[in-house]
Amino acid sequence: MKDRQQILDSLHLRTPVVASPMFIVSRQQLVIECCKAGILGTFPALNNRTTEGFEEWLVEIKSALAAEEKATGKKLPPYGVNLIVHKTNPRVMPDLEVIVRQQVPLVITSLGAVKDVVDAVHSYGGLVFHDVTNTYHAQKAIDAGCDGLICVAAGAGGHAGTLNPMPFVAEIRKMFDGVVLLGGAISTGDDIASALQMGADLCYMGTRFIATQEAIADEAYKQMIIDSGSREIIYTASVSGIPANWMVGSLEAAGITKDMWDQKAKADFGAEHEAKAWKNLWSAGHGVATIHDNPPVSELVERLHDDMVAAMQRQADRLANYK
């Protein structure tokens, strides 16, 4: 595992944010614009239906970022790819071969911390971050040699954890000397400043980037995020069999009732429901409460940066009250 500060320095981030890889939503343009704006953009390998297409996306992203660096003379943050390493994913090895061949700078592993995968990425100097929802899985990732741990706390979109972020980050920090990221209901610059004060090195933001112009998401999905508050998010295993946060409006539009989503396991929605998980059943986190627009990524990231700096300055100013 590389030194924590060396890793952070190598990322060339203007704002300490990783735009998380979102199924269907995150594609090349979103990744490219995130990196150009000074944060780290990522996407799931499975967002392209084939391994061959996945490699084509990598080449496109690499070419675009190289051209931007040449034109501006500025070093950009790297990009990353999410690899589902669970045995149910038949593309693990073919996609990993592409990752090694294209030397993807950052790999985010999910549903298992596999040392062979970590070693393969480390073989060319790449980084591996792993998402965790508890300390048990965090230790597995540490043992596998991961460079960073993503604390997916309560309130995150998708397959969120249930832990409060404050003790979660503190506990992980005691266990781990590497890079710590915090995800879960982070949508503003103030949220970023708070995460850093908790002890996180970086923020992991997903839902906020669904409502951006470069995200490949249905316009109705984006509008529902803008219109929703935290009460419109429900945590249920009924859709995919694994607890996740979903938007109540999308469930109701598909004819899925409260009795169905209150079940503790995957529900049988029946053939009459055409809804498909993640496609027209929409996931989002509690951060919808502070999302009110659908800006370009460049505008959003500039706002996040400015608001983060202002929040940190306010906190510094408050110290005068407690001497």
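**Exercise 1. Find the residue just after helix H8 that takes a positive phi, and work out which side of H8 faces inward**.

*Solution.* Start at the end of the helix: just after H8, Gly199 takes a positive phi of about 120°. Keep in mind that this is a predicted model.

Now step back into the helix itself. H8 covers residues 189-198, and its buried residues are Gly189, Ile192, Ala193 and Ala195. Those residues cover an arc of only 160° around the axis, which puts them on the same side of H8.

The last step is to see what that side meets. The buried residues of H8 pack against strands S1 (17-19), S7 (179-183) and S8 (202-205), and also against helix H13 (297-318).

**Exercise 2. Which residues of helix H5 are buried, and what covers them?**

*Solution.* Go through residues 115-122 and pick out the buried ones: Val117, Val118 and Val121. Viewed down the axis of H5, they fall within an arc of 100°, so they line one face of the helix.

The spacing rule is handy here: an α-helix has 3.6 residues a turn, so residues three or four places apart point the same way.

Next, the cover. It includes three strands, S3 (79-84), S4 (106-110) and S5 (127-132). Helices H4 (92-102) and H6 (135-144) also take part in covering the buried residues of H5.

**Exercise 3. Is Leu83 buried or exposed, and which residues does it touch?**

*Solution.* First place the residue: Leu83 lies in strand S3. Its relative accessible area is 1%, and the cut-off for buried is under 20%, so Leu83 is buried.

Then list its partners, skipping anything up to four places away in sequence. Leu83 touches Val92, Asp95, Leu96, Ile99, Val107, Ile108, Thr109, Ser110 and Val117. Val117 ties this back to the previous exercise, being one of the buried residues of H5.

Finally, check one pair by distance: Leu83 and Ile108 are 25 residues apart along the chain, yet their C-alpha atoms are separated by 6.1 Å.

**Exercise 4. Why does the radius of gyration of the chain agree with a compact globule?**

*Solution.* Take the expected value first. For 323 residues, a compact globule would have a radius of gyration near 20 Å; the chain has 19 Å, so the two agree.

Add the overall dimensions: the C-alpha trace spans about 55 × 55 × 40 Å along its principal axes.

Then look at burial and contacts. Of the 323 residues, 51% count as buried. Among contacts with a separation of 6 or more, 65% come from residues 24 or more positions apart.

Methods. Residues are numbered from 1 along each chain as its sequence is written. This is a predicted model: local features need pLDDT of at least 70, side-chain atom pairs count only at pLDDT 80 or more; totals for chains, interfaces and linings use all residues. Side-chain values use heavy atoms; hydrogens and water are left out. The radius of gyration is taken over C-alpha atoms; the globule rule is 2.2 Å times the number of residues to the power 0.38. Buried means under 20% relative accessible area, exposed over 50%, partly exposed in between (1.4 Å probe, protein chains only). Contact means heavy atoms within 4.5 Å. Helices (H or I, at least four residues) and strands (E, at least two) are DSSP runs, numbered from the N terminus. The arc is that of the directions from the helix axis to the C-beta atoms.
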